[in-house]
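Reader: I'd like to go through a few helices in this model with you. Can we start with the handedness term you'll be using?

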Amino acid sequence: MKKFFLLALFCGLAAQAFTQNKLVTVADLYKDGTFRAQSVYGVNSMDDGLHYTTLENRGTALVKYSYKTGEAVDTLMKIEDLKNGDIQYISNYKFSDNESKIIFYINRTRIYRHSFYADFYVYDLKQKQLQKLTQDGRERLATLSPDGSKVAFLRDNNLFIKNLNSGEILQFTKDGERNKIINGAPDWVYEEEFGYNQAFHWSPDGSKIAYCKFDESRVKKFTLLKYKGLKPEIKANKLYPEVYDYKYPKAGEDNSIVTVHTYDLNTEKTTEMETGKETDIYLPRIYWTKKANTLAIVRLNRLQNHMDIIYANGTNGNSEIVYSEDNKYYIDQPPYEDLTFIDLEHFLIMSERDGYNHIYKYNTTNKELTQVTQGNFDVTNYYGYDEENDMVFYSSTEEGAIYRTVYKVRDDGKKKKQLSNQKGYNSASFSKGYQYFINYFSNATTPNYVTMNNSKGKVIRVLEDNAKLKEKINDYALQTKEFFDFTTSEGVKLNGWIIKPANFEAGKEYPVVMTQYSGPNSQQVLDRWSVGWEQVLAGEGFVVACVDPRGTGGRGEEFRKMTYKELGKYETIDQIEAAKYLGSLDFTDEDRIGIYGWSYGGFMALNCMTQGADFFNTGIAVAPVTNWRYYDNIYTERFMRKPQDNPSGYDDNSPINHVEKLKGAVLIVHGLADDNVHPQNTFEMTEALVQANKQFDMAIYTNRNHSIYGGNTRYHLFTKMVNYFVDHLKK
């Protein structure tokens with residue numbers, strides 16, 4: 001993209017800015033929610049595929065609607081039907097398979113990213129009867145059996161079954177113990193890096209429960225201190241903090257030993273499934289297949305570059321490998337997250353075997369693999385499979401890496417059809433049977449536009465157009481996000497977006513703030529709606545830009561996995577190239593360029609401030625990784641292998657080892673209760689800076705986790721960060 005084109009574009013847009021008199025503030029974003037777009041949430045398809053349910057009147061009524069007409073056809077439950085004063089509203093619910101009961105919870109207490117404790121209730125929609133799962137409370141993962149007569153749940157790391165008719169509760173595992181044995185739920189690192197919470201499932205006929213047992217006895221503990229602060233759940237007095245420890249395997253360290261078992265409700269027998277003699281492996285998913293009494297177990301080696309799918313007999317545990325795949329880099333989550341068992345012989349699976357992420361159909365009998373989607377694009381979301389019409393539903397980057405488009409295609413790769421109607425960022429939620437879907441669309445200038453569509457993609461009606469928000473933003477100096485690309489000195493084409501300062505004046509040079517994340521398979525440069533603190537910075541007179549470096553997603557396997565075994569190296573090179581490019585524009589000041597990032601982005605901000613010290617004047621790193629030796633092994637070793645086997649990969653791109661190069665101002669931020677990226681990362685970094693006699697600024701947030709939120713926290717943090725860039729980059 002030419003400098004002239006960009007300048008002309010910005011000048012044209014600048015005229016609009018002068019007619020807008022309100023600047024975006026931190027309070028707009030983190031106190032008032034001024035630009036929060038409305039959407040459509042909580043739509044649950046009913047089994048007939050013709051109706052859906054949703055919660056109305058602030059969660060006090062469960063209403064049944066027609067997909068076709070959008071009209072309410074029945075009220076299935078009202079809060080007064082529950083006759084329980086403890087339940088003021090419902091926010092989460094699931095139907096039994098026969099839709100005769102719903103299960104929901106209240107009093108949710110978070111554990112980690114996905115996991116939580118809660119008080120669960122079952123409501124019989126036909127009998128109008130409410131039943132609390134237990135009187136003890138603090139259950140996890142309560143799940144109705146297929147016929148709705150029983151509930152399986154987890155408490156104190158053990159599994160239980162409650163018979164809803166008799167009220168009898170059966171405990172079928174008894175070895176659960178904190179920081180030692182977990183039955184039916186993943187340990188911390190599985191939950192965080194394999195992205196799931198529940199590790200038990202009812203068999204389709206309800207006769208068995210398959211579950212994983214995590215023996216984390218040999219995993220080392222990590223300890224955090226929690227202070228009283230403003231959180232009443234922290235049981236600390238005024239003098240001593242609470243000591244909280246949990247099992248966290250860092251790179252190169254021991255993992256839990258995971259085994260898979262089935263419990264037979266009829267024989268009351270527990271059987272271990274055969275998963276091989278090697279225990280230093282991962283078992284990230286288990287599924288019941290369409291084949292009677294057959295459990296599918298996904299197995300990964302420690303390096304995560306070899307995957308097997310094992311079929312195990314649910315009664316005797318005998319197993320066989322039905323599918324294997326190798327990758328010269330690593331196998332990421334989609335292949336084992338989106339497995340769909342079509343019939344007795346076939347399943348759908350994702351693979352990058354042709355260089356892009358695509359959907360394949362696999363025949364377990366003759367070992368035949370058929371490619372369903374193909375082309376120089378990545379499938380980014382798999383939505384499901386229509387058994388009646390043999391159709392597969394997905395979204396992809398076919399229109400370009402910064403876009404998402406919804407499609408359907410027959411499972412032989414034929415009869416492909418685009419279902420979304422507008423170019424930008426589309427995602428979909430399909431009804432059972434795939435006769436209808438809700439399409440969620442936005443782009444850089446259009447807030448969420450939500451429509452109900454039929455199976456051919458035709459819009460039936462608009463569910464949310466955010467008309468009020470569109471009117472509101474006319475009163476603000478929202479700066480248009482413009483997309484561009486440029487080619488680095490190494491010949492690499494990179495995508496980016498840029499916004500100009502409010503009240504932009506041609507001929508004037510402005511400071512630049514670069515915002516980025518840069519992590520593997522992430523994307524920040526997407527044509528979708530968002531109003532973030534970049535608009536506050538624009539109001540303060542900054543050019544704000546974002547560039548996705550090598551290693552990010554949407555552009556095929558080779559681009560995505562370029563950073564294998566060297567996290568931080570090529571991303572830093574590319575962010576430096578982006579700084580050079582942005583600094584060369586006619587309206588920017590190359591001597592006043594700042595960079596910001598959170599988590600992986602914080603790691604990158606520190607690398608740029610040290611290894612790229614000649615190009616970045618100011619940096620802010622929030623919750624940064626500072627050496628991958630400190631991070632968990634599943635994520636880190638996927639991209640870096642073990643530190644014992646790749647020491648230079650870990651250390652050469654650790655900002656701790658480049659502190660002597662720092663020239664500019666840097667602010668490092670961390671939450672003291674960050675169970676993901678431990679505060680250790682920041683403390684080791686700042687100690688290295690001290691010993692190198694490098695000045696820095698630091699902000700610590702009491703009892704805050706990796707997201708650093710709660711109460712006034714986000715408002716305080718973003719106010720601090722805006723002020724930091726103003727103080728150090730504006731003349």
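Author: Sure: a crossing counts as right-handed if the near helix is turned clockwise from the far one by less than a right angle, and left-handed if anticlockwise. Keep in mind that this is a predicted model.

Reader: So which hand does the crossing of H8 and H9 have?

Author: Take H8, residues 569–583, and H9, residues 600–611. Their axes come within 10 Å. As H8 passes H9, the crossing is right-handed.

Reader: Are H8 and H9 roughly parallel or roughly perpendicular?

Author: The two axes cross at roughly 65°. Angles of 65 to 115 degrees count as roughly perpendicular. That's why H8 is, relative to H9, roughly perpendicular.

Reader: What classes of residue make the contact of H8 with H9?

Author: H8 brings Glu571, Thr572, Gln575 and Ile576. From H9 come Tyr600, Met604, Asn607, Cys608 and Gln611. Sorted by class, that contact has one charged, four polar and four nonpolar residues.

Reader: Moving on to H10, how many of its residues are buried?

Author: H10 covers residues 633–640 and is mostly covered. Its buried residues include Glu637 and Arg638 as well as Phe639 and Met640. Among the elements covering them are H3, strand E20, H4, H9 and H11. The count of buried residues is eight of eight.

Reader: And which residue caps the N-terminal end of H10?

Author: Look at the backbone nitrogen of isoleucine 634. A side-chain oxygen lies 3.2 Å from that nitrogen, and it belongs to the cap, aspartate 632.

Reader: What is the phi of arginine 641?

Author: Arginine 641 follows H10. Its phi is positive, near 60°.

Methods
Residues numbered from 1 in each chain as written. Predicted model: local features only at pLDDT ≥ 70, side-chain atom pairs only at ≥ 80, totals over all residues. Heavy atoms only, no water. Axes fitted to C-alpha atoms, helices over the stretch in contact; angles between N-to-C directions. Helix = DSSP H or I, 4+ residues; strand = E, 2+ residues; numbered from the N terminus. Parallel < 35°, antiparallel > 145°, perpendicular 65-115°, else oblique. Contact = heavy atoms within 4.5 Å. Nonpolar A, V, L, I, M, F, W, Y, C, P; charged D, E, K, R; others polar. Buried < 20%, exposed > 50% of the residue type's maximum accessible area, 1.4 Å probe, protein only. Polar contact = N/O pair within 3.5 Å; in protein donor to acceptor, adjacent residues only side chain to side chain.
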